[in-house]
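Welcome! Please take a moment to look over the sequence and the fold before reading on.

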Amino acid sequence: MEISIISVTAFIVAILTFFSGFGLGTILTPVFMIFFPVDLAIGLTGIVHFFNNIFKLFLVGRKADKEVLLRFGIPAVIAAIVGSWLLLKITDLKPLFSYEAFGKTFEVYPVKFIISILLIIFASIDLIPYFNKLQFGKDKLPIGGVLSGFFGGLSGNQGALRSAFLIKAGLSKEAFIATAVVVSTFVDFTRLSVYATRFTKAGLSDNLTLVVCATLSAIAGAYIGNKLLKKVTLRFLQVTIAIMLIIISFALGAGLI
């Protein structure tokens, strides 16, 4: 049962998130958590996300903007290390608040609440016509890389901030998607290096069939997304990302993910 649900989710989300550059891990992790413990859910999601990115790397990686990769990617990786280190130091941080809904208790943590506010701001910029022509100069990219990488290391949510900056960097739609994929792949590699020590204990070997099915489903979704790329416009990407940013931000702020 879980194989079918997770695989279908991975397929559909992979299509949608191919354009936005974020969302697969954010959406897939809670689905894995329905069936598995948190540590195993994070590990399994990380593997699916990583191999999906590797596939997308072969599809579009060559179109990545090298200057943006250097200015954005390097600071992102360095900041991710700092964020990950800080996470280990604040594991006892208490929720800002909690509430009950649908028979469950939801807790909202400070880091995710801060990210949700940032995402709403970025999303609003994309949806307000006055800001349509606004672009971040490439000298601002290191700032975006630091924010994206730091919060990625601190909470695991870095794709949304990455896309929010890159979509305003003056890139073509192909270069935007390719650059996001390359940066994401490096971040995933770093994450999996950390997760690797926990996979055996978590029972990864007992769930290889699920991982393979979910990964192939995500790859199939990415393949279809690439085929649809020629039919979408940069403005479509901007609006899609803005809408997804708002949805993700409210889910983070409400403690749903």
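The report below walks through the chain, some of its helices, its surface and a few pairs of residues.

## About the model

This is a predicted model, in which local features need pLDDT of at least 70 and side-chain atom pairs count only at pLDDT 80 or more, while totals for chains, interfaces and linings use all residues. Residues are numbered from 1 along each chain as its sequence is written, and side-chain values use heavy atoms, with hydrogens and water left out.

## The chain as a whole

Let's start with the overall layout. The chain has 10 helices and 2 strands; these are DSSP runs numbered from the N terminus, with helices being H or I runs of at least four residues and strands being E runs of at least two. Read from the N terminus, the order of elements is α-α-α-α-β-β-α-α-α-α-α-α.

Of the 257 residues in the chain, 50% are buried. Here, buried means under 20% relative accessible area, exposed means over 50%, and partly exposed lies in between (1.4 Å probe, protein chains only). The accessible areas come from the Shrake-Rupley method with a 1.4 Å probe, and for residues only the protein chains shown count as cover.

## Helices to look at

Helix H7 (residues 159-166) is a good place to pause: 8 of its 8 residues are buried, so the helix is largely enclosed by the rest of the structure. Among them are Arg-162, Phe-165 and Leu-166.

Two other helices can be checked for length. The expected span of a helix is 1.5 Å times one less than its number of residues. Helix H2 (residues 24-35) has 12 residues and should span 16 Å, which agrees with the 17 Å between its end C-alpha atoms. Its buried residues include Leu-24, Leu-28, Val-31 and Phe-32. Helix H9 (residues 208-228) has 21 residues, and its expected span of 30 Å agrees with the 30 Å between its end C-alpha atoms. Buried residues of H9 include Leu-210, Val-211, Ile-219 and Gly-225.

## Helix H4 and the surface

A salt bridge is a side-chain nitrogen of Lys or Arg within 4 Å of a carboxyl oxygen of Asp or Glu, and by this rule the count comes to 1. Glu-67 pairs with Arg-71, and their closest N and O atoms are 3.2 Å apart. Both residues lie in helix H4, 4 residues apart, or about one turn of the helix. Glu-67 is partly exposed at 38% relative accessible area, and Arg-71 is partly exposed at 35%.

Next come the patches, made of residues with over 30% relative accessible area and no salt bridge; like charges are joined within 9 Å, and nonpolar side chains (Val, Leu, Ile, Met, Phe, Trp, Tyr) within 5 Å. Leu-70, Ile-74, Ile-78 and Val-82 make a nonpolar surface patch of about 380 Å². Of these, Ile-78 is found in helix H4 (residues 66-89).

Arg-62, Lys-63, Lys-227 and Lys-230 form a positive patch. Lys and Arg count as positive and Asp and Glu as negative, with His and the chain ends not counted; each charge is placed at NZ of Lys, CZ of Arg, CG of Asp or CD of Glu.

## Pairs across the chain

Arg-62 lies in the loop between helix H3 (38-60) and H4, and is exposed at 62% relative accessibility. Its C-alpha atom is separated by 9.3 Å from that of Val-182, 120 residues apart along the chain. Val-182 sits in helix H8 (residues 173-202) and is buried at 10% relative accessibility.

Phe-97 lies in strand E1 (residues 97-101) and is partly exposed at 38% relative accessibility. The C-alpha atoms of Phe-97 and Pro-110 are 9.1 Å apart, with their positions 13 residues apart along the chain.
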